[in-house]
Amino acid sequence: MFSIAPRMAAVEGLRPMFPGLAVATLVAVTAQFLSEHYGAPAMLMALLLGLALHFLAEPGTRTAPGIDFTARSVLRLGVALLGARISVELLAGLGGPAIALVIAGVAATIGFALLVTRFAGRGWSFALLTGGSVAICGASAAMAIAAVLPRHEKSERDLVFTVLAVTILSTVAMVLYPMLAQVFAFDARDSGVFIGGTIHDVAQVVGAGFSISDEAGETATLVKLIRVSMLAPVVLIFSLAIRQSGLANSASGRRPPLLPGFVLGFLLLAMLNSLGLIPSALADLAAALSRWALLIAIAAVGIKTSLGRMVEVGGAAIALLIAETLFLGVFIVTGLHFLG
């Protein structure tokens, strides 16, 4: 007979996490309600509501352990589930030159971030966090990258700032970039590549693309998912570089894993989807679960962060994110010009 004692012990170990997880879930549901009824980005609403509830993350409160658990483990689950939307067929549908342009834009933006961060007085980890979030997929990328960066006392503050900034910039771009596509006289396909290759968050890409035309919207969504597919290799490269250079946290006395579990999950789901082993209905379910997991996790991250400490980020960090966004936009427009 199998003993149920280990299972009971596991359940008892998770019991202290429930109050914090419940609070973060309630914040996420509220943010989604506000998003659907007032048009504001759900991620932004979850962050702002979370910041207002920082007292629930104070040491000694019943909700603190669960909020910490949600900000770490639920986040990783959400990133892993993103892989169910990626496939080789998806990547091949756009054509080699456009894919090369998107990949080059990701790499160049991260390199640009590492270069200009020195002038902003911030460290390399802040450059990877902001550059990766701008280059790949906004809030989701920021949360995935933060999971492999060395932890420090300002980690949550920097993550919340980055998510907040890229969400606001994405919303602004959703309004401005379709007008810029007309100024540049882009056709529907090039407009889609421009929109999908530059706007940070998926929801804003969809909104901006379909505001131009159905063809532009479909192309923009495809290009955006190609950028999302870069999340796993970029996070893996960051993790390997940090591990090999000895820049990981020394407090724990352990090196980070060679392949983070959530990246492995992302790659596994992407492989299964490429082989046609994930039905479309299941892939859609995984995408919905991923979105909710990330929304709940960012609510928890917001709760963990003190609003007063957000002011400490400074104008240089804001200027850095704007510069990275402009650099990516100029890079994609220039690439489209040379591609004809």
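## Exercises on a predicted helical model

The secondary structure of the protein comes to 17 helices and zero strands, and the model used throughout these exercises is a predicted one. Of its 340 residues, 51% count as buried.

**Exercise 1.** Determine which residues of helix 14 are buried, and how they are placed around the helix axis.

*Solution.* Begin with the extent of the element: helix 14 covers residues 261–274, and its 14 residues reach 20 Å from the first C-alpha to the last, close to the 20 Å expected at 1.5 Å a residue. Next, apply the burial criterion, under 20% relative accessible area, which in helix 14 is met by Phe262, Val263, Phe266, Ala270 and Asn273. These residues lie on the same side of helix 14, because they cover an arc of only 105° around the axis. The general background is that an α-helix has 3.6 residues a turn, so residues three or four places apart point the same way. Then identify the partners: the buried residues of helix 14 pack against helix 4 (64–81), helix 8 (139–146), helix 12 (214–229) and helix 13 (231–245). Finally, look past the end of the helix, where Gly276 follows with a positive phi, near 75°.

**Exercise 2.** Locate Asp187, classify its exposure, and find the backbone nitrogens that its side chain approaches.

*Solution.* Asp187 is placed in the loop between helix 9 (155–183) and helix 10 (188–198). Its relative accessibility is 46%, and therefore Asp187 counts as partly exposed. Turning to the side chain, one of its polar atoms lies 3.3 Å from the backbone nitrogen of Arg189, while the backbone nitrogen of Asp190 lies 2.8 Å from a polar atom of the Asp187 side chain. As a last step, compare sequence with space: Asp187 and Glu215 are 28 residues apart in sequence and 9.8 Å apart, C-alpha to C-alpha.

**Exercise 3.** Describe the aromatic pairs Phe184–Phe186 and Phe327–Phe331 by their geometry and exposure.

*Solution.* A search of the whole structure finds seven aromatic pairs. In one of them, Phe184 and Phe186 are 5.5 Å apart, centre to centre, with 50° between the planes, a tilted arrangement. Phe184 is partly exposed at 37% relative accessible area, whereas Phe186, at 18%, counts as buried. The pair of Phe327 and Phe331 is also tilted, with 6.2 Å between centres and 35° between planes. Both residues lie in helix 17 (residues 315–339), four residues apart, about one turn of the helix. Phe327 is partly exposed at 24%, and Phe331 is partly exposed at 26%. To finish, follow the ring pairs outward from Phe184 and Phe186: they link these two residues with Tyr177 and Phe194 into a cluster.

Note on methods. Residues numbered from 1 in each chain as written. Predicted model: local features only at pLDDT ≥ 70, side-chain atom pairs only at ≥ 80, totals over all residues. Heavy atoms only, no water. Helix = DSSP H or I, 4+ residues; strand = E, 2+ residues; numbered from the N terminus. Expected span 1.5 Å × (residues − 1). Buried < 20%, exposed > 50% of the residue type's maximum accessible area, 1.4 Å probe, protein only. Arc of directions from axis to C-beta. Contact = heavy atoms within 4.5 Å. Polar contact = N/O pair within 3.5 Å; in protein donor to acceptor, adjacent residues only side chain to side chain. Phe/Tyr/Trp six-rings, centres within 6.5 Å; stacked < 30°, edge-to-face > 60°.
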